[in-house]
Amino acid sequence: MLTSLAFTPGFATPAATTKNFVPNHSLNVKTAVPKLYGLAGPGFYFPTPQSNVSVIAIDGATGEVTPVGDEWPNHSFSEGSSTLSGSVFSFITLDKTGIDPHTTSLPCLLASQDVTTGAKLPVATLPYTASIFSAGGAQCVTAAGDGSGDVFVVSSELGDKPGQRYLSRVSTADGKVDSKLVPSGGAGGPFGVSCAHDPKADKLWFATCSQDASTGKPCSFSAIDAKTGGVTDVLKTDIRCQILHLSYDATTNALVGTGSLSPQCAGEVAVFSAPLD
């Protein structure tokens, strides 16, 4: 799915390098895919455990929807907080099974399911909690690009640690979590729900755009070292409002995605390629 983002500029660091790119309007974009994967269920707008979440497969040619394996009873999810790593679909969730009526927050979880066999994999517990009315407090979920099957998760800004977030690398095979604190990227500014992992440099790239679209300030991308959590690069863009989707293309060593050229978030949407060389 494509999820729109809104960000606050930030990530300023003396060690960062800066590059520029212009949107490429002549990319060859595939218009059909064999199969898509997603989630079906109540999302996060339900206060009590009363519905199930299903991983679903969508036929790219016919649009037919098929459930994958067993449902996840009494779980929640939100748009954009999911990823596919090989044959494993992972999503951020809260387990609301048997919770006390007075419960206000729950541990954030990363649930994973093999889309080929339908088997559920070990659930990972992330190092923070979220409100029971939320989906799980994740700002970004993306598959590691090194073929390991791991998944990166970046939390929302932490209420008890202003200006910081958790960057977690999760093994979907055994549910083990390796986490570190990273800077938030500005005055309370979020990273957003789209990011991309460059396995060659072992960096996570995030978009930063003004939350006030009327300013017309261009968006930029910032890279975080996956090992140290430090900001290493800043990439300037001509995108003026939102980054709607972000991926890393290993063939061209570039960030690719879609974004709005209009300062008011209206008008044409550009398909862009941002070379990292």
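This is a short dialogue on reading strands, burial and salt bridges in a predicted model.

Visitor: What should I know before I start?

Guide: The model is predicted, so to speak of local features we need pLDDT of at least 70, and side-chain atom pairs count only at pLDDT 80 or more, while totals for chains, interfaces and linings use all residues. Residues are numbered from 1 along each chain as its sequence is written, and side-chain values use heavy atoms, with hydrogens and water left out.

Visitor: Which order do the strands of the open sheet have?

Guide: Generally, strands of a sheet pair through backbone hydrogen bonds, either parallel or antiparallel. Strands here are DSSP runs (E, at least two residues), numbered from the N terminus, and two of them pair if DSSP finds at least two bridges between them. The open sheet has four strands in the order β6-β7-β8-β9, with antiparallel pairing. Its edge strands, β6 (82-85) and β9 (124-131), each pair on one side only. β6 is joined to β7 (residues 88-93) by four bridges.

Visitor: Is threonine 83 buried or exposed?

Guide: Look at relative accessible area: buried is under 20%, exposed over 50%, partly exposed in between (1.4 Å probe, protein chains only). Threonine 83 comes out at 11%, so this residue is buried. Threonine 83 sits in strand β6, and its bridge partner in β7 is serine 90. Contact means heavy atoms within 4.5 Å; leaving aside neighbours within four places in sequence, threonine 83 has contacts including Val88, Phe89, Val141 and Val151. A polar atom of the threonine 83 side chain also lies 3.1 Å from the backbone nitrogen of alanine 143.

Visitor: How many salt bridges does the structure hold?

Guide: The rule is a side-chain nitrogen of Lys or Arg within 4 Å of a carboxyl oxygen of Asp or Glu. By that rule there are three. One pairs aspartate 146 with arginine 169 (2.6 Å, N to O). Aspartate 146 is in the loop between β10 (138-143) and β11 (150-155) and arginine 169 in strand β12 (residues 164-171), so this pair ties together parts 23 residues apart in sequence. Arginine 169 also forms a salt bridge with aspartate 150, with the closest N and O atoms 2.8 Å apart.

Visitor: And the bridge of aspartate 202: which residue is its partner?

Guide: Lysine 227, with the closest N and O atoms 2.7 Å apart. Both ends are in loops: aspartate 202 between β14 (195-198) and β15 (203-208), lysine 227 between β16 (220-225) and β17 (231-236). Aspartate 202 is buried at 12%, whereas lysine 227 is exposed at 61%.

Key:
A polar contact is a pair of N or O atoms within 3.5 Å; within protein, one must be able to donate a hydrogen and the other to accept it, and residues adjacent in sequence count only if both atoms are side-chain atoms.
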